[in-house]
Amino acid sequence: MIAVYDLQKLLWDVRKDLDLANRFRSEPDAVLDEYGIDGEERAAMKALDFKTLYERGANPYLLYFCALQIGVDRAEYYAKLRGEVS
């Protein structure tokens, strides 16, 4: 089962910390290791699969602002959330 707290904590921290967001973009495995994110959630974070993350319990507010912080534009975010693009 997902460690929902760990995922929410990562989303929260990325949302408010541009350095962490930049580090996630350049070395996602290191950041995901620091937060103990594994399994399906890890794969979804690396693929920026927001639909899966939402379905697995990610807070939509945190997910949206995390996406923006890591450089995903709004239209792409919503398309990914609806599963229109992977």
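## A tour of the helices

Select Ala 21 and show what surrounds it: setting aside neighbours within four places in sequence, Ala 21 is in contact with Val 14, Gln 69 and Ile 70, where contact means heavy atoms within 4.5 Å. Before you click on, note that this is a predicted model, in which local features need pLDDT of at least 70, side-chain atom pairs count only at pLDDT 80 or more, and totals for chains, interfaces and linings use all residues. Residues are numbered from 1 along each chain as its sequence is written, and side-chain values use heavy atoms, with hydrogens and water left out.

**Still at Ala 21.** This residue sits in helix H2, residues 18–26; helices here are DSSP runs of H or I with at least four residues, strands are runs of E with at least two, and both are numbered from the N terminus. Is Ala 21 buried or exposed? At 0% relative accessibility, Ala 21 counts as buried. The cut-offs are under 20% relative accessible area for buried, over 50% for exposed and partly exposed in between, with a 1.4 Å probe and protein chains only. Draw a distance to Tyr 35, 14 residues away along the chain, and you should get 13 Å between the C-alpha atoms.

**Zoom out.** Switch to cartoon and you have seven helices and zero strands, so the order from the N terminus reads α-α-α-α-α-α-α. The radius of gyration is 11 Å, close to the 12 Å from the globule rule for 86 residues, so the protein is as compact as a globular protein of that length. That radius is taken over C-alpha atoms, and the rule is 2.2 Å times the number of residues to the power 0.38. A box along the principal axes, roughly 30 × 30 × 20 Å, holds the C-alpha atoms. Of the 86 residues, 37% are buried. Among contacts with a separation of 6 or more, 56% are between residues 24 or more positions apart.

Turn on the surface next: the accessible area is about 4900 Å², with 51% of it belonging to carbon and sulfur atoms. That area comes from the Shrake-Rupley method with a 1.4 Å probe; for residues, only the protein chains shown count as cover. Colour by charge and you can pick out 12 positive and 16 negative side chains, the centres of the two sets lying 4 Å apart. Lys and Arg count as positive and Asp and Glu as negative, with His and the chain ends not counted; each charge is placed at NZ of Lys, CZ of Arg, CG of Asp or CD of Glu.

**Helix H6.** Select residues 60–69 and look for Leu 62, Leu 63, Tyr 64, Cys 66 and Ala 67, the buried residues of H6. What covers them? The cover includes helix H1 (4–16), helix H5 (50–55) and helix H7 (74–81). At the N-terminal end, Asn 59 caps H6, with a side-chain oxygen 2.8 Å from the backbone nitrogen of Tyr 61. Just past H6, Gly 71 takes a positive phi of about 100 degrees.

**Over to Val 4.** This one is in helix H1 and is partly exposed, with a relative accessible area of 27%. Not counting residues up to four places away in sequence, Val 4 touches Arg 56 and Gly 57. The cap residue makes a handy second pick: the C-alpha atoms of Val 4 and Asn 59 are 9.3 Å apart, with their positions 55 residues apart along the chain.

**Helix H4, residue by residue.** Go to Arg 42, which lies in H4. At 17% relative accessibility, Arg 42 counts as buried. Leaving out neighbours within four places, its contacts are Asp 29, Leu 32, Asp 33 and Ile 37. Lys 46 is found in H4 as well, and at 44% relative accessibility it counts as partly exposed. With the neighbours up to four places away left out, Lys 46 touches Pro 28, Asp 29 and Leu 32. From Lys 46 to Asn 22 is 24 residues in sequence and 14 Å in space, C-alpha to C-alpha.

**Last stop: the loop and H5.** Pick Leu 48, in the loop between H4 (39–47) and H5. Which sign does its phi have? Positive, at about 55 degrees, although Leu 48 is not a glycine. Most residues other than glycine have a negative phi. Then step into H5 and select Thr 52, which at 14% relative accessibility counts as buried. Beyond its neighbours up to four places away, Thr 52 touches Glu 40 and Ala 44.

Conventions: A polar contact is a pair of N or O atoms within 3.5 Å; within protein, one must be able to donate a hydrogen and the other to accept it, and residues adjacent in sequence count only if both atoms are side-chain atoms.
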